[in-house]
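Subject: Structure for you to look at

Dear colleague,

I am handing over a structure that I have been going through, and I would be glad if you could open it and keep it beside you while you read. My notes on it come after it.

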Amino acid sequence: MAEIENELQKEFELERMILFSDAVFAIAITLLILEVKFPHLPEGASSAELRSVFKPVIIRFMAFVISFFFIGSMWARHLRLFKYLRSYNNTIIFLNLLFIFFIVCFPFSVSGFSDNSHSHSPLPVFLYISNITLVLVAQAVLCYYLFRQDSEYTMPGFNLEKKYLLLQSVWTAIIFIITIVLMAIIYGISGNYLNLIFAIYALPVMILILKRRLKKYKPPKQKSKASLVSNRILP
């Protein structure tokens, strides 16, 4: 009886950590949209003036859309990671905090990118891509720590699912690290802001290749949430 109560207490503590993380994701997305404000429209403005007024708003909104779906995908991956968790330690708490710290940084990097897009300075672009990369690296480190061999903090079994999530996390982080290196090399050689686009164009190509390579590791349909919760409480 005492053992069951202890497991239920652990379950409650894990739920608190997960709910805290969910709240951070929600707040980060909410802060992003607060940066997108409808502009003041001057009376009798011509179509050219309206385009000039709306141009920065459109850039901010596109940055919001990209960041929204990226943060959403990170939340979904975080959900898949933590459903295998049955216990925790201080390292897991720290790695999770580090991961969501970089999520919280998004409103800062997005505002820097969108508000300075006209300056042709490489710094806002590097900052934004670096923010994405740091999120992916922190998430990959957390995933590796959770799914390392014979981890006592995750449910036994589900090896195929764990391997798929680990490979997906690690290789996505590597792709973005490669992208930043390419951006630095291209800008260092050419000194031209527009040439950074070539490095960014490489991203969808590398991600598509990664998806094809990981397809063979993709696990079959996973167990229901109720089954996973049951396995977490009763080891």
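Below is what was found, starting with a pair of helices, then a single residue, and then a pocket.

Please keep in mind that this is a predicted model. Helix α2 covers residues 47-82 and helix α5 covers residues 122-147, and their axes, which come within 11 Å, cross at roughly 5 degrees. Because angles under 35 degrees count as roughly parallel, α2 and α5 are described as roughly parallel to each other. On the α2 side, the residues that meet α5 include A63, I66, F70 and M74, while on the α5 side they include Y128, I132, V135 and L136. Sorted by class, this contact has 14 nonpolar residues, two polar ones and one charged one.

The single residue is Q168, which is found in helix α6, residues 159-190. Its relative accessibility is 15%, and so Q168 counts as buried, since the cut-off for buried is under 20%. If its neighbours within four places in sequence are left aside, Q168 is in contact with R77, R80, L210 and L214.

Finally, the largest pocket holds about 1,100 Å³ of space. It is lined by 36 residues, of which I66, I132, F176, L203 and I207 are the closest to its centre. The elements that each give two or more residues to this lining are α2, α5, α6 and α7 (196-214), and α2 gives the most, with twelve residues. By class, the lining divides into 26 nonpolar, five polar and five charged residues.

With best wishes

Conventions:
Residues numbered from 1 in each chain as written. Predicted model: local features only at pLDDT ≥ 70, side-chain atom pairs only at ≥ 80, totals over all residues. Heavy atoms only, no water. Axes fitted to C-alpha atoms, helices over the stretch in contact; angles between N-to-C directions. Helix = DSSP H or I, 4+ residues; strand = E, 2+ residues; numbered from the N terminus. Parallel < 35°, antiparallel > 145°, perpendicular 65-115°, else oblique. Contact = heavy atoms within 4.5 Å. Nonpolar A, V, L, I, M, F, W, Y, C, P; charged D, E, K, R; others polar. Buried < 20%, exposed > 50% of the residue type's maximum accessible area, 1.4 Å probe, protein only. 1 Å grid on protein atoms, 1.4 Å probe; cavity = no way out; pocket = protein on both sides within 12 Å on 5 of 7 lines; lining within 4 Å. Points joined across faces, edges and corners; volume = space filled by probe spheres on them.
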